[in-house]
2 protein chains.
Amino acid sequence: MANKKASVTLVDVAREAGVSVMTASRALSGEGYASEETRSKVQAAAKQLGYAPNALARMMKGGKTNVIGIVVNDLSSQVVNAFVTALSVEVRKVEMDMFIYSTMGTLGEGRGAAVSQMLHGLWDGLIYVLPCMTDDFLKSLENASSPVLLLNYFRHETPLPVVRGDNYNGAQDAVSHLIELGHRRIAFVGGTAFTGQSDLRERGYLAALADAGIAADPSLIYQGNFQELSGLEAGRHLLALEQPPTAIFAASDTMALGCMNAIRERGLAIPQDISVVGFDDIPAASLAQPPLTTLRHPFQAMAQAAVQELLRRIRSEPGRRQRVEFPSEFVIRESTGPAPRTAAATPRKRAAARKADSA
Amino acid sequence: MANKKASVTLVDVAREAGVSVMTASRALSGEGYASEETRSKVQAAAKQLGYAPNALARMMKGGKTNVIGIVVNDLSSQVVNAFVTALSVEVRKVEMDMFIYSTMGTLGEGRGAAVSQMLHGLWDGLIYVLPCMTDDFLKSLENASSPVLLLNYFRHETPLPVVRGDNYNGAQDAVSHLIELGHRRIAFVGGTAFTGQSDLRERGYLAALADAGIAADPSLIYQGNFQELSGLEAGRHLLALEQPPTAIFAASDTMALGCMNAIRERGLAIPQDISVVGFDDIPAASLAQPPLTTLRHPFQAMAQAAVQELLRRIRSEPGRRQRVEFPSEFVIRESTGPAPRTAAATPRKRAAARKADSA
DNA sequence: CTGAAAGCGCTAACAT
DNA sequence: ATGTTAGCGCTTTCAG
């Protein structure tokens with residue numbers, strides 16, 4: 001019986017099988033020559049002893065670990081989730097393994113920064129998903145010893161390779177669509193500034209308004225934080241305005257869903273009274289009632305580009321690209337419709353009664 | 001300037017600083033004696049060369065990696081997410097690191113099974129979160145060389161340490177509550193059988209009915225798969241019944257939210273026409289309209305118990321426990337209310353028109 | 001306080 | 001087809 005405590009090594013297996021360590025290694029790995037007889041003898045010994053090769057030792061010898069590290073700030077984000085899932089598929093395709101390291105919102109602080117440093121050697125390359133980091137940290141990454149790639153990074157210019165989605169044009173498309181539907185009072189619900197994505201979406205929104213000759217109304221811009229709760233609050237705030245919007249463009253689906261709750265709460269109908277557009281096309285978007293019109297990131301294509309580019313760098317292959325940008329696809333579902341006849345959605349009785357709580 | 005390609009090792013640092021490798025090691029790690037002068041000299045050299053210690057080598061020498069591996073089947077599950085987040089906090093408390101390995105639903109197949117074997121040595125211990133695995137795989141885990149703990153495992157008896165929540169009693173509490181509110185036709189929406197959790201929740205449901213002397217109606221039991229979409233389908237199916245239920249108890253919040261969409265779709269009100277109870281208390285539960293009555297797992301306490309127990313095993317400390325079970329807490333929000341006066345929720349016109357599509 | 005030697009578990013490269 | 005040697009980058013042990 002195998003001794004569970006003291007881990008059994010190749011030496012043990014070799015001794016048990018009565019061969020040299022090297023022979024045991026070959027018999028088990030399948031590399032190099034080994035007679036059928038020896039091979040089965042060794043395999044039997046390994047099985048009997050409960051041998052598991054030490055990945056650490058193997059990696060150290062080879063210099064390559066065959067592992068890609070994925071660093072995320074926040075596992076609970078559905079967008080992050082979609083990226084990680086897509087990455088997992090791509091990593092498997094190239095026959096590597098993948099670990100996820102979650103900094104739980106501490107990236108840039110001591111612990112988060114440490115990932116690329118402290119655990120250096122454990123992976124052949126690192127992909128930062130939706131990173132939000134300080135300038136200092138970005139700089140330190142640029143000198144990292146193993147290849148690093150940023151997935152959906154926007155905040156600063158950097159020589160590091162970046163794969164990202166388009167935010168500006170997508171936002172512009174969405175808002176133009178609302179304008180074509182006759183909307184004039186279109187609100188924007190932004191997310192946190194830290195990743196730089198919300199900002200681009202806001203600029204696309206403003207550009208679309210400007211193109212149509214509509215003056216932007218600052219009171220229709222609400223600063224949220226990408227979370228559903230902030231979407232709920234945004235919705236409540238906007239609907240309580242003297243002149244509420246007839247359409248809301250939220251910088252994330254999560255916030256858009258929050259807005260929808262606020263709208264329902266007020267007894268208004270989507271899209272008859274008010275239209276809603278999100279961004280990201282998370283799974284919940286198509287399941288919402290009504291299904292949410294939104295902008296879809298090509299998650300799988302982006303993940304593939306990220307893995308391939310990182311691989312090129314790991315292998316020092318030619319043909320690298322410093323930045324790849326993917327357009328987002330506008331998906332029209334049922335949460336958007338023509339602007340209501342009255343210039344602005346008329347708050348109904350219930351709503352009117354609450355006017356007092358408008359800020 | 002550091003050469004980015006050829007990774008710089010301690011030998012390089014030592015040479016640069018004009019000391020022995022050992023001295024460099026001591027100066028950087030802080031362990032053992034080192035004069036202030038040497039220390040700063042070495043640190044300067046390390047910084048200048050962009051030195052990062054190779055975690056692999058360090059781990060190999062010490063035998064301990066200070067890393068706990070977390071294995072999950074499905075990262076997109078909100079319950080898994082809640083556990084992982086809680087685990088992350090606890091792991092940090094004991095000053096270890098944590099990697100997440102997602103099998104993407106392939107646990108038990110080649111790839112998934114490989115985790116504990118192939119990457120053996122990379123972690124000091126492994127926590128399987130909400131594992132669903134074959135008997136064979138479970139057996140192989142029992143002979144694993146490093147400690148393994150199962151978080152929320154129910155399917156088979158096993159000598160492996162298990163930390164889990166209570167499902168049976170929680171379900172019973174929830175259904176008893178509905179009965180007290182006057183409900184008699186209470187539906188159950190189950191999840192996949194694979195983890196064994198749904199089964200326990202169903203048994204709790206049946207027990208509560210039996211206690212109240214209510215005969216279980218098989219037509220009120222719908223088999224879902226824990227996903228929101230299956231909840232939506234469950235809701236549509238149940239509401240289309242000749243005698244629809246006045247309350248639905250879903251085996252997960254996710255499915256409960258799907259049911260709520262189906263109910264709204266049919267023009268019914270929650271909880272006036274129909275009550276809904278979920279299970280898990282995922283973040284979205286409290287944000288729903290109306291906020292969902294549900295059963296909360298004590299995620300943090302469970303995570304703490306899991307990490308502590310695993311640590312005891314890693315360190316071969318005494319006082320181990322084979323199984324720890326945590327009761328779930330019944331959280332009453334606004335999705336449950338008294339049963340409507342009419343024995344069953346009367347389908348309104350729209351609903352009646354659709355009767356044809358009842359299975 | 002600092003250095004030299006040994007070795008963690010494995011495999012590439014060279015023998016035999 | 002199998003065995004021997006060496007060494008990955010680091011730290012533990014023992015000597016200066």
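Here are some exercises with worked solutions on this predicted model of two protein chains and two DNA strands.

**Exercise 1. Get your bearings in chain A: how many helices and strands are there, and how is the chain divided into domains?**

Step 1. Start with secondary structure: chain A comes to 14 helices and 12 strands.

Step 2. Now the domains. Domain 1 covers 4-53, domain 2 takes 67-160 + 298-326, and domain 3 takes 168-293 + 332-358. Domains 2 and 3 are each written as two segments.

Step 3. Put a distance on it: over C-alpha atoms, the centres of domain 1 and domain 3 of chain A are 64 Å apart.

Step 4. Finish with two totals. Of the 359 residues in chain A, 57% are buried. Take the contacts with a separation of 6 or more, and 71% of them join residues 24 or more positions apart.

**Exercise 2. Find the residues with the most contacts inside the largest nonpolar core, then follow one of them outward.**

Step 1. The largest nonpolar core has 149 residues, and A:Ile127 and B:Ile127 have the most contacts inside it.

Step 2. A second core, separate from that one, has 44 residues; among them are A:Val67, A:Leu126, B:Leu141 and B:Ala144.

Step 3. Back to A:Ile127. Skipping neighbours within four places in sequence, its contacts include A:Ile68, A:Ile70, A:Val71, A:Leu87 and A:Ala306.

Step 4. Hop to A:Ala306, which sits in helix H13 (residues 299-314) of chain A. With the same kind of sequence neighbours left out, A:Ala306 touches A:Leu87, A:Ile127, A:Leu149, A:Leu151 and A:Val163.

Step 5. Is A:Ala306 buried or exposed? Its relative accessibility is 0%, so A:Ala306 counts as buried.

Step 6. One more check on A:Ala306: A:Pro161 is 145 residues away in sequence, yet the C-alpha to C-alpha distance is 8.9 Å.

**Exercise 3. Work out which residues and elements face DNA strand C, and what they touch.**

Step 1. There are 22 residues around DNA strand C, and those that come nearest are A:Leu10, A:Tyr51, B:Thr23, B:Arg26 and B:Thr38.

Step 2. Look at the DNA side: 56% of the strand C atoms within 4 Å of the protein are sugar and phosphate.

Step 3. Pick out phosphate contacts. A polar side-chain atom of A:Tyr51 is 2.6 Å from a phosphate oxygen of strand C, and one of A:Ser25 is 2.9 Å from a phosphate oxygen. B:Ser35 uses a backbone N or O atom instead, at 2.8 Å.

Step 4. Map this to elements: helix H2 (21-29) and helix H4 (55-62), in chain A and in chain B, give two or more residues to the surface near strand C.

Step 5. Sort by class, and that surface has 11 nonpolar, seven polar and four charged residues.

**Exercise 4. Repeat the analysis for DNA strand D: which residues come nearest, and where are the phosphate contacts?**

Step 1. Of the 22 residues around strand D, A:Thr23, A:Arg26, B:Leu10, B:Met22 and B:Tyr51 come nearest.

Step 2. For strand D, sugar or phosphate holds 54% of the atoms within 4 Å of the protein, with bases making up the rest.

Step 3. On the backbone side, an N or O atom of A:Ser35 lies 2.8 Å from a phosphate oxygen of strand D, and one of B:Asn54 lies 3.2 Å from a phosphate oxygen. B:Arg58 goes through its side chain, with a polar atom at 2.8 Å.

Step 4. H2 and H4 of both chains each supply at least two residues of this surface.

**Exercise 5. Explain where the side chain of A:Ser335 finds its polar partners.**

Step 1. Locate A:Ser335: the loop between strand S12 (329-331) and helix H14 (349-353) of chain A.

Step 2. A:Ser335 counts as buried because its relative accessibility is 0%.

Step 3. Both partners listed here are backbone atoms: a polar side-chain atom of A:Ser335 lies 2.6 Å from the oxygen of A:Val276, and 2.8 Å separate a polar side-chain atom from the nitrogen of A:Thr293.

Step 4. The wider contacts of A:Ser335 include A:Ile270, A:Pro271 and A:Pro290.

Step 5. Take a look at A:Pro290: the peptide bond from A:Gln289 is cis, with omega near -10 degrees. A:Pro290 is in the loop between helix H12 (283-287) and strand S10 (294-296).

How values were computed: Residues are numbered from 1 along each chain as its sequence is written. Chains are lettered from A and ligands numbered from 1 in the order in which they are written. This is a predicted model: local features need pLDDT of at least 70, side-chain atom pairs count only at pLDDT 80 or more; totals for chains, interfaces and linings use all residues. Side-chain values use heavy atoms; hydrogens and water are left out. A nonpolar core is a set of buried Ala, Val, Leu, Ile, Met, Phe, Trp, Tyr and Cys residues joined through side-chain atoms within 4.5 Å. Buried means under 20% relative accessible area, exposed over 50%, partly exposed in between (1.4 Å probe, protein chains only). Contact means heavy atoms within 4.5 Å. A residue is near a molecule or strand if one of its heavy atoms lies within 4 Å of it. A polar contact is a pair of N or O atoms within 3.5 Å; within protein, one must be able to donate a hydrogen and the other to accept it, and residues adjacent in sequence count only if both atoms are side-chain atoms. Helices (H or I, at least four residues) and strands (E, at least two) are DSSP runs, numbered from the N terminus. Ala, Val, Leu, Ile, Met, Phe, Trp, Tyr, Cys and Pro count as nonpolar, Asp, Glu, Lys and Arg as charged, and the others, Gly among them, as polar. Domain bounds come from an automatic or database domain assignment.
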